[in-house]
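Colleague: Please take one part of this model and go through it closely, strand pairing and burial included. Then set it against the rest of the chain.

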Amino acid sequence: MSVRVRMAPSPTGVLHVGTARAALFNWLYARHHGGVFIVRIDDTDLERSTKEYEDEILDSILWLGLDWDEGPRVGGPHGTYRQSDRFDRYREVARSLVESGAAYFDDRSAEELEELRQKAQSEGKHPGHYIRRPDQERTEGAIRLSIPQDGPVVFDDLVRGRVSFEPQDIDDFVILRSDGTPTYHLASTTDDVDYGITHVARGEDLLPSTPKHILLTRAMGHTEPVYAHLPLLFGTDGRKLSKRHGATALSEYREAGFLPEAMFNYLANLGWSLDGETTIFTKEQAIAAFDLANVSKNPAAFDPEKLAWMNGEYIRAMAPERFDELIRPWIEKDLGRELEPDEWDRFGMVSPLVQERTRLLPEAAEQVRFLFADFESYDRASWDKVMTKDGVAGVLDRAIEGLEAVDPWDAVHIEEEMRKLPAELEMGAAKVFQPVRVAVTGTSVSPPLFESMAALGRDRTLERLRRARRELG
RNA sequence: GGUCCCGUCGUCCAGCGGUCUAGGACGCCGGCCUUUCAAGCCGGAAACGCGGGUUCGAAUCCCGUCGGGACUGCCA
């Protein structure tokens, strides 16, 4: 039987990195086995679900580089792949379960149920212990699945191994609310059955729900899929990944200048590894090697630092043309205007040098800002560190004098001239070039100096050197 | 409280009874290179939670303990 897996996001918020990672593992599993990857919209919560979130989620998945074979936008043999379009089907399932005796109506009030929970808890029992089928049959209210008390629910989880739950610890959960809408358990399980899902790989937070889904599936007369519960993602402090750790939405990383291929690679390394040695690898390598059985059981910390490093690796490895194409919008965003053709040409003189030292696109844009805009003031720390030293004025004077005569104005000739200074002034190279760098770029950290000056142009370079000289007094 | 899951460097991953003086990656520290910053190269510090067992032999198997987490809704 061919593998059919799915990701089933709820459009009640933006795509979380943890959900994205789960989607990624499902996708890898499907592609590895030549199976089918399905996206299904779990929007049974009509109150909180929106079309905007649905689009945001789908766009984020696409950005990550995952494509789906059945689901919204692409269709498939099972309709719209949106649960809100299948409420009739879920009601039909619930009704037939009542008819077969597997489920029952329950019209007890919230207060009554709460009392039963309190009682059970005070006796050290499972909260749902006393919430079972009432003695007298009801004909309205919510519909609960009756949990058979004849034996444990045992299943072999692909990543956890054998997991077992005792029936008294499973509550008679609601499958159809009294307003006729299905709960997540009913809708998800029905869809998994109807869509022929063979493997369910999802977050570990759903592990306690799994016996319910298994029992529901069996009550429907089917055999449950194989389950794989993936470890959860945490922040670097070991706490649940939340806003405090920075971005939790995939789209925030996109907006921060991360590359999808770096994100893909990084996420694939959270809970799984290609071979234990290789950190950077392609999608194809991942597909070839992936197996849910090799997924780690431990929760993983999402480390933005390592992601940034990996992003830099991908940036350095890409074709220069692609780098130029990617960096341009960031430079323009940083400047707040579009680049003129001649400015773009000038950027080309330093582009390869910038690409080499970029981890994040927005950071690179900042580094070349001096090429396109005059800075109002010098970076304070840089100025204090290099411009207050003895001999700086002399360096600038000599640099200005020498540079005026450089011809043609290109990196090679600028360097030829500048290289004369240290010996002439009897100073170390860094002592000479750093003041010039601060004068020209406004800070002590910049792309290589000679190329930067070449790209800036003679007039602006000299203008900035003179300005700095004036500031020195 | 109850149920379930997890426990190897600060972090991610490898290790599935002997080859572990525990390997790779990020980060960190030092050095080289060097006009700054990166990159690159070289080197370093850094972990099997604890206690019992099983075994000739345990990071690897079992039990306990401690610690962490998830769930415990007519949310998903």
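**A parallel strand pair and its setting**

Modeller: Strand S1 (residues 4-7) runs parallel to strand S2 (residues 36-39), and four bridges join the two. Within this pair, Val 5 is the residue that stands opposite Phe 37 of S2. The model is predicted, so what follows describes computed coordinates. In a regular strand, side chains alternate between the two faces of the sheet. In S1, Arg 4 and Arg 6 lie on one side, while Val 5 and Met 7 lie on the other. Residues on both sides are buried, the two arginines included, and both faces of the strand are therefore covered, given that buried means under 20% relative accessible area.

A second pairing makes a useful contrast. Strands S3, S4 and S7 form an open sheet in the order S3-S4-S7, and here the pairing is antiparallel. S3 (103-106) and S7 (174-176) are the edge strands; each has a single partner, so one side of each lacks a neighbour in the sheet. From one strand to the next the twist averages 45°. S3 is joined to S4 (residues 142-145) by four bridges, the two strands running antiparallel. Ala 103 of S3 has Leu 145 of S4 opposite.

Between strand S5 (153-157) and strand S6 (161-165) there is a loop, and Arg 160 is found in it. A polar atom of the Arg 160 side chain lies 3.0 Å from the backbone oxygen of His 229. Apart from neighbours within four places in sequence, Arg 160 is in contact with Glu 204, Leu 207, His 229, Leu 230, Pro 231 and Lys 297.

Burial in a helical part can be followed in helix H21 (residues 449-456). Seven of its eight residues are buried, so the helix is largely enclosed by the rest of the structure. The buried ones are Leu 449, Phe 450, Ser 452, Met 453, Ala 454, Ala 455 and Leu 456. They pack against helices H12 (341-348), H15 (369-372), H17 (392-404), H18 (411-418), H20 (429-441) and H22 (458-472). Just after H21, Gly 457 adopts a positive phi of about 100°.

Leu 425, in helix H19 (residues 420-425), is partly exposed, with a relative accessibility of 26%. Not counting residues up to four places away in sequence, Leu 425 touches Val 395, Arg 398 and Val 432. Its C-alpha is 8.3 Å from that of Gly 394, although the two residues are 31 apart in sequence.

As for the whole, chain A has 22 helices and 11 strands. Its C-alpha trace spans about 100 × 45 × 40 Å along the principal axes. The radius of gyration is 31 Å, whereas a compact globule of 473 residues would have one near 23 Å. Of those 473 residues, 50% count as buried. Among contacts with a separation of 6 or more, 75% are between residues 24 or more positions apart. The chain exposes about 21,900 Å², of which carbon and sulfur atoms supply 48%. Against that background, S1 is a strand with both faces covered, paired in parallel with S2.

Terms used:
Residues are numbered from 1 along each chain as its sequence is written. Chains are lettered from A and ligands numbered from 1 in the order in which they are written. This is a predicted model: local features need pLDDT of at least 70, side-chain atom pairs count only at pLDDT 80 or more; totals for chains, interfaces and linings use all residues. Side-chain values use heavy atoms; hydrogens and water are left out. Two strands pair if DSSP finds at least two bridges between them. Axes are lines fitted to C-alpha atoms, for helices over the stretch in contact, and angles run from 0 to 180 degrees between N-to-C directions. The radius of gyration is taken over C-alpha atoms; the globule rule is 2.2 Å times the number of residues to the power 0.38. Buried means under 20% relative accessible area, exposed over 50%, partly exposed in between (1.4 Å probe, protein chains only). Contact means heavy atoms within 4.5 Å. Accessible areas come from the Shrake-Rupley method with a 1.4 Å probe; for residues, only the protein chains shown count as cover. A polar contact is a pair of N or O atoms within 3.5 Å; within protein, one must be able to donate a hydrogen and the other to accept it, and residues adjacent in sequence count only if both atoms are side-chain atoms.
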